[in-house]
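Student: I am new to this structure. Please take one part, the place where two chains meet, and walk me through it closely.

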Amino acid sequence: MIDVERVDYIRVPVTDMDAANHFYGELLGLRRNPNSPGDDWVEYEVGNVTLVVMTPHTHDYEFAPLPPSTIALRVPDVAAAKASLEAAGLEVAEMWDSGLCRGAGVEDPAGNRILLHHRYAPYPDGSSPR
Amino acid sequence: MSGSVVTGVDFVGVPSTDWRRSRAFYVDTLGLRPDETADGEFWVGQTCFGIYEPASFGIEFAPQKNAHIALHVEDVAAARAELEAKGIEFLGETFDTGVCHMAFFTDPDGNDLMLHHRYAPRD
């Protein structure tokens, strides 16, 4: 069996790096890796995963947005995160509550539908989400 | 927002037309760790993946093309050979970027994946 140790990174395809860096770096406040190799490939460290914001058109393939909720970002308070992004002028979808977790979708400037997410219910073994 | 309110990625959604087939692929073929309680979830290191069927949410299925989820392996050539022996077809030759090896393939629904290993130091 191949031994997959971790996810090295997940690409987030975008069309405009300035707009994307504003969204991910400033509005979401993700930590930018200063060693990112180029202006069209910027790495953001999100705790357990590296998100690579990059432009497919400068990497020899065509842009297509990610399917909804490919990436669910953990926030401590979905309602507060939604309010904060709305104050910055973004449109955030209605918050839902599954009975275990809350979520609200928001589109990045390229049209990738990102989920703001928080699980509040303990897991079946009684432990709480980290 | 000052600083980040985002503390991690809770899950990576895997769109599927048949979640049992997807689970078999990720857990049995790739050998990823199934979640202990949720049948549709599996783990890669500290990252949870959640298989979902968009049709059951009234959303039209579209595969994830472009995220190229980079699965870290120690030896891309060896892992590729092992998966090819199980019938997985890769897209093109293994690519050497000058800092890492990449081998592209997809899951049964066409979601983009790659085997990845960076061999160059980060500095």
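Tutor: Start with a term. A salt bridge is a side-chain nitrogen of Lys or Arg within 4 Å of a carboxyl oxygen of Asp or Glu. Between chain A and chain B the count is one salt bridge. Keep in mind that this is a predicted model. The partners are A:R74 and B:D10, and their closest N and O atoms are 2.4 Å apart.

Now the elements on the side of chain A that touches chain B. At least two residues each come from β1 (6–13), α1, β3 (41–46), β5 (71–74), α2 and β8 of chain A. β1(A) gives the largest share, seven residues. By kind, the residues on this side of chain A are 28 nonpolar, ten polar and eleven charged.

Next, the extent of the interface. In chain A, 49 residues are in contact with 50 residues of chain B. The area buried between the two chains is about 4000 Å². Carbon and sulfur atoms give 56% of that area. In chain A, the residues that lose the most area to chain B are A:M1, A:I2 and A:R74. Together they make up 17% of what that side buries. So A:R74 appears twice: it is among these three residues, and it forms the salt bridge with B:D10, because a side-chain nitrogen within 4 Å of a carboxyl oxygen meets the definition. Polar contacts also cross the interface: the rule finds 21 residue pairs, both residues at pLDDT 80 or more.

One of the contributing elements deserves a closer look: α2 of chain A. This helix spans residues 78–87, and A:V78, A:A81, A:K82 and A:L85 in it are buried. Why do they lie on the same side of α2(A)? They cover an arc of only 100° around the axis, which puts them there. What covers these buried residues includes α1 (17–27), β7 (101–107) and β8 (113–119) of chain A.

Look at the two ends of α2(A) as well. At its start, a side-chain oxygen of A:D77 reaches to within 3.1 Å of the backbone nitrogen of A:A79. A:G89 follows the helix, and its phi is positive, near 100°.

Finally, chain B. Its helix α2 covers residues 76–85 and holds B:A77. Is B:A77 buried or exposed? B:A77 is exposed, with a relative accessible area of 55%. B:A77 and B:P34 are 43 residues apart along the chain, and their C-alpha atoms are separated by 25 Å.

Definitions and conventions
Residues are numbered from 1 along each chain as its sequence is written. Chains are lettered from A and ligands numbered from 1 in the order in which they are written. This is a predicted model: local features need pLDDT of at least 70, side-chain atom pairs count only at pLDDT 80 or more; totals for chains, interfaces and linings use all residues. Side-chain values use heavy atoms; hydrogens and water are left out. Buried means under 20% relative accessible area, exposed over 50%, partly exposed in between (1.4 Å probe, protein chains only). Helices (H or I, at least four residues) and strands (E, at least two) are DSSP runs, numbered from the N terminus. The arc is that of the directions from the helix axis to the C-beta atoms. Contact means heavy atoms within 4.5 Å. A polar contact is a pair of N or O atoms within 3.5 Å; within protein, one must be able to donate a hydrogen and the other to accept it, and residues adjacent in sequence count only if both atoms are side-chain atoms. Buried area is the accessible area (1.4 Å probe) that two parts lose on being put together, summed over both. Ala, Val, Leu, Ile, Met, Phe, Trp, Tyr, Cys and Pro count as nonpolar, Asp, Glu, Lys and Arg as charged, and the others, Gly among them, as polar.
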